[in-house]
Amino acid sequence: MAESQTSTETDWVSRFADDVIAESERRAPGKPVVVASGLSPSGPIHLGNLREVMTPHLVADEARRRGYTVRHLISWDDYDRFRKVPDGVPGVDKTWAEHIGKPLTSVPAPAGSAHPNWAEHFKAAMTAALDELGVEYDGISQTEQYTAGTYREQILHAMKHRADIDAVLDRYRTKKDPAAQGKGGKKPQQQKKVDEAELEAAEGSGAAAEDDGSGNTAGYFPYKPYCGNCEKDLTVVTSYDDDTTELNYTCSACGFAETVRLNEFNRGKLVWKVDWPMRWAYEGVIFEPSGVDHSSPGSSFVVGGQIVREVFDGVQPIGPMYAFVGISGMAKMSSSKGGVPTPADALEIMEAPLLRWLYARRRPNQSFKIAFDQEIQRLYDEWDSLGRKVADGTVLPADAAAYSRAVRTAAGELPSTPHPLPYRTLASVADITAGAEDQTLRILGELDPANPLTSLDEARPRLDRAENWITTQVPAEARTIVRDEPDKELLGSLDDQGRESLRLLLAELDAHWSLDGLTTLVYGVPKTLAGLEPDAKPTPELKAAQRSFFALLYRLLVSRDTGPRLPTLLLAVGADRVRRLLGA
């Protein structure tokens, strides 16, 4: 076992790892460090939910790097109730509403799915994404846990101590006239809006709702059976005997009533605010983050800390609150899924190390955005710049740590692109060539004559991601279409300076036929026209002349005032075609 250490790095992962390792050795010396995540496969598991996994994953991986054995538990909350039919899911229509109230594993998968039920359908995409991201974890199906009777002793214990649980929950209940007020002392209409907001926030985060089991006229019960007839959880416990464990319930959905014995009955679950702290104690969880929806006063993480201590004789995990993950631009890719992009969507347009880096470089309480629009090009530029700083030793320690966590795990390096060309260049080439591999290879091979690309496989998977971005995220009207014929009208209208600028460009085209050479050339032509040296510093007048020259080239090549970076565009069009379109 590696010796625990206080990290000299300033990154958030190391600091949490220090605390988690110390707490694990205090609580359970010599045993694996346990971190946890919870995901509800109630619909597409989106990129905000991924923070629920990546935060403990990064901390777990740091502990593994230090030589510790770690278990990262991902609880699939697939025994949660089906709350609503999500919008925009292919193969799903309004008839799925008849399954509301059933466990997610008892709801049919969307039509055409290869998976046996709703939960497995949405788990599959997330599982594949986690594998690609290098996340090592132990998956736990809560359906399997509950239906196998794994938590039987914990359920019986909770029922026996239901008055104690009720007392904890009561500390957070506002005492008002129940006839005039809703839950929490709010007016019914106001409460409805709050409940809907809470449920939206909880989607996929480990809880189907902030349910605490209150509101039963026969008393408080922290356990809810699924109906033996219709399978729904619209049941009401009418009585319970601690000695015999005999429980009576009725179903408000179908009218079914049943008497069962909890010491042998496995078709139900603890309500969420009791279920979560029960699992902390059962699994010995040391670290589990939670979203904003679970961290406000009276919410499940706060109340759970008292229930785990006072009822289950356990300890609340170290649990940082994680902030919102936003999306910068969403086009066709996610529209078929109700407008909520998933990790699988992101991995279609970016490599796994970049996606890991976005989560690693920001503290959990810092919000950030994942780019599906043009911003992805800037992110990739920043990522490549960071890689160069790492290579030459000029990187700051915290940035170096985030980079290391992105490109490798304790198990080894993640797959990478052997010859990583700039993403914006690859996207421009993919835009112009429309995926024609021979033309793509010709252009990419000419980018850097000193280190030419000899096979498209050297540029993959980054090339594939850039092509996917162009085809799925860039609207048709923004795509680049190179002219077939010269714009004779525009060429004929040029003044002497315009004609001379094209002559200077064409005269030096062959001598500058590389990405760097063409960059120098297109910026240099306006300098030459102005009588300036090639290394002249930019002035407002020079910048204006360069913009005017660039706009002329774009209009002649693609009939627009803007487009891909000109050096890339020139390479893509090819020298012969450039000469023809520029009137040579």
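Start with the crossing of two helices: select α15 and α16, and you'll find that α15 passes α16 in a right-handed crossing. In residue numbers, α15 covers 423-433 and α16 covers 437-445. Their axes come within 10 Å and cross at roughly 145°. Keep in mind as you look around that this is a predicted model.

Now show the side chains where the two helices touch. On α15, pick L426, V429 and T433; on α16, pick Q439, T440, I443 and L444. What classes of residue make up this contact of α15 with α16? Four are nonpolar and three are polar, with no charged residues among them.

Next, head along to P461, in the loop between α16 and α17, the helix at 462-473. Zoom in on the peptide bond joining R460 and P461: that bond is cis, with omega at about 10°.

For another backbone stop, select T245. You'll find T245 in the loop between strands β5 (235-240) and β6 (246-251). What is there to notice about phi of T245? The angle is near 60°, a positive value in a residue that isn't glycine.

Time to go looking for empty space. The structure holds two cavities of 30 Å³ or more. Let's visit the second largest, which has about 40 Å³ of space in it. To see its lining, select Y146, G149, R152 and I155, then add L262, F265, N266 and G268. Colour that lining by class and you get four nonpolar residues, three polar ones and one charged.

Last stop: colour the chain by pLDDT. The mean is 89, and 90% of the residues reach 70 or more. Then select residues 175-208, where pLDDT is below 50. Beyond near neighbours in sequence, this stretch has 56 contacts in the model. Do likewise for residues 331-337: pLDDT stays under 50 there too, and the model gives these residues 23 contacts beyond four places in sequence. How should you read predicted coordinates where pLDDT is low? Not in detail.

Note on methods:
Residues numbered from 1 in each chain as written. Predicted model: local features only at pLDDT ≥ 70, side-chain atom pairs only at ≥ 80, totals over all residues. Heavy atoms only, no water. 1 Å grid on protein atoms, 1.4 Å probe; cavity = no way out; pocket = protein on both sides within 12 Å on 5 of 7 lines; lining within 4 Å. Points joined across faces, edges and corners; volume = space filled by probe spheres on them. Nonpolar A, V, L, I, M, F, W, Y, C, P; charged D, E, K, R; others polar. pLDDT = per-residue confidence, 0-100. Contact = heavy atoms within 4.5 Å. Axes fitted to C-alpha atoms, helices over the stretch in contact; angles between N-to-C directions. Helix = DSSP H or I, 4+ residues; strand = E, 2+ residues; numbered from the N terminus. Left-handed = near helix turned anticlockwise from the far one by under 90°.
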